[in-house]
Amino acid sequence: MSDLTQYRFSFGPWNISEGADPFGPEVRSPYTLEEKLGWYRPLGFEGVQFHDDDVVEGLDGLEHLQIIKRAREVGQALRDHGLVAEFVAPRLWFDPRTIDGGYTSNSPAERQYALDRSVKAIDIAREIETPNIVLWLAREGSYVRESKNAKTAYARILDAVNLLLEYDDSIQVWIEPKPNEPMDHAYVPTIGHAIALAYQSADPSRVSGLIETAHAVLAGLDPSDEMAFALAHDKLASVHLNDQNGLKFDQDKSFGAANLRSAYNQVRVLEQNGFGRRGEFIGLDVKLMRTQKQDGSMAHLANSREFFLHLLDKVRTTDTALQDQLIADRNYEELEAYTLRHLLGVSARVFEGAAPQQLQSAAKV
Ligand code: GLO
Ligand code: MG
């Protein structure tokens, strides 16, 4: 059997979306969860990422047993389609009680709502057979610095993580950092912050991170270096590969669409460090363009997976002996040129004109 990593892919049902943005309504009609689940396998995906209410719609208005019943139905639908749940994330940003934040709201009653809701997400995760809880701390931040005590806010986030760990000793908490949007500034903006929280928690072995490409770019950081940092701490539980064209709203473009070289380096760091060998998923979090018509609703998912696999082929066919030689020679200009040629699929300088080395040796004669 090949000793190459066999990557598994995942995405969330929200990635097949209707095209609403802050300036305009939906432009495509919705599909049901059951319809979406039917497309995963044909598209080459086996993992499903969930928000708690992707599994159990309207869960705030349901009794515990109703929640469990619906979650079991979804669990059965997953098995019927040959799929597994990758994680469940409590949606702590939609309800009016989360306007001022979830765990860091200034209202004790609203903080309690966020904790109760997170516990329900764990109940749902159990029923669909995943131990993994993602915390995207959407509104844990501030619009106005003076509105919250930041040190207290950090303590509250830590208390919430500890409460979840205690509620179920089999769960893993994966923190997905993002520096801004919807908040002006978030309290857990980077993977460094997330990993610091993990070490501070009651059980560091059960707290790790999920890195999204776009979020790292929005923090002004290099996504592959962020991944390397998490891997160095053995705390990269999953990724949200996508792309982001500079510092603007969170775009969630298809993987590789804004910066192919950065995408290559993300695949490279994952591949070189054995990510995926313990069953970790290559997760996507990509948004379909608003211009796309109904029948192209999955194009961005198929394309992102395809370009991951193309770039994986590039990583696996990189001439590492040449790279090592260029590094030993400290010839980083040529290392960069080799990388660009490799990405373009050209094997050597093809245009007319002497190579710089030839000019210099000729000058010495
Ligand atoms: C938004 C986040 C969001 C999360 C998802 C899972 O910027 O990327 O899509 O990944 O809600 O928690
Ligand atoms: Mg994400």
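**Exercise 1. Find the side chains in polar contact with ligand 1 in this predicted model, beginning with Asp285.**

Solution.
Step 1. Start from Asp285: an N or O atom in its side chain is 2.8 Å from an oxygen atom of ligand 1.
Step 2. Go on to Lys178, where a polar side-chain atom lies 2.8 Å from an oxygen atom of the ligand.
Step 3. For His51, the distance from a polar side-chain atom to an oxygen atom of ligand 1 is 2.6 Å.
Step 4. Apply the cut-off: a polar contact is a pair of N or O atoms within 3.5 Å. The pairs of Asp285, Lys178 and His51 meet it.

**Exercise 2. Work out how much of ligand 1 the protein covers, and describe the residues around the ligand.**

Solution.
Step 1. On its own, ligand 1 has 320 Å² of accessible area, and the protein covers 93% of this.
Step 2. There are 13 residues around the ligand; His51, Glu176, Lys178, Glu212 and Asp285 come nearest.
Step 3. Sorted by type, the shell holds five nonpolar, three polar and five charged residues.

**Exercise 3. Describe how domain 1 and domain 2 meet.**

Solution.
Step 1. Set the bounds: domain 1 runs over 8-317 and domain 2 over 320-365.
Step 2. List the contact: five residues come from domain 1 and eight from domain 2. The C-alpha centres of the two domains are 41 Å apart.
Step 3. Take the area. The size of an interface is often given as the accessible area lost when the parts come together. Here the domains bury about 660 Å² between them, with 54% of it on carbon and sulfur atoms.
Step 4. Assign the domain 1 share: Arg261, Tyr264 and Lys314 supply 76% of the area that domain 1 buries against domain 2, more than any other three residues.
Step 5. Count the polar links. Three residue pairs are in polar contact across the interface, both residues at pLDDT 80 or more. The salt bridge count between the domains is one. Arg261 forms a salt bridge with Glu336, and their closest N and O atoms are 2.9 Å apart.

Terms used: Residues are numbered from 1 along each chain as its sequence is written. Chains are lettered from A and ligands numbered from 1 in the order in which they are written. This is a predicted model: local features need pLDDT of at least 70, side-chain atom pairs count only at pLDDT 80 or more; totals for chains, interfaces and linings use all residues. Side-chain values use heavy atoms; hydrogens and water are left out. A residue is near a molecule or strand if one of its heavy atoms lies within 4 Å of it. A polar contact is a pair of N or O atoms within 3.5 Å; within protein, one must be able to donate a hydrogen and the other to accept it, and residues adjacent in sequence count only if both atoms are side-chain atoms. Accessible areas come from the Shrake-Rupley method with a 1.4 Å probe; for residues, only the protein chains shown count as cover. Ala, Val, Leu, Ile, Met, Phe, Trp, Tyr, Cys and Pro count as nonpolar, Asp, Glu, Lys and Arg as charged, and the others, Gly among them, as polar. Domain bounds come from an automatic or database domain assignment. Contact means heavy atoms within 4.5 Å. Buried area is the accessible area (1.4 Å probe) that two parts lose on being put together, summed over both. A salt bridge is a side-chain nitrogen of Lys or Arg within 4 Å of a carboxyl oxygen of Asp or Glu.
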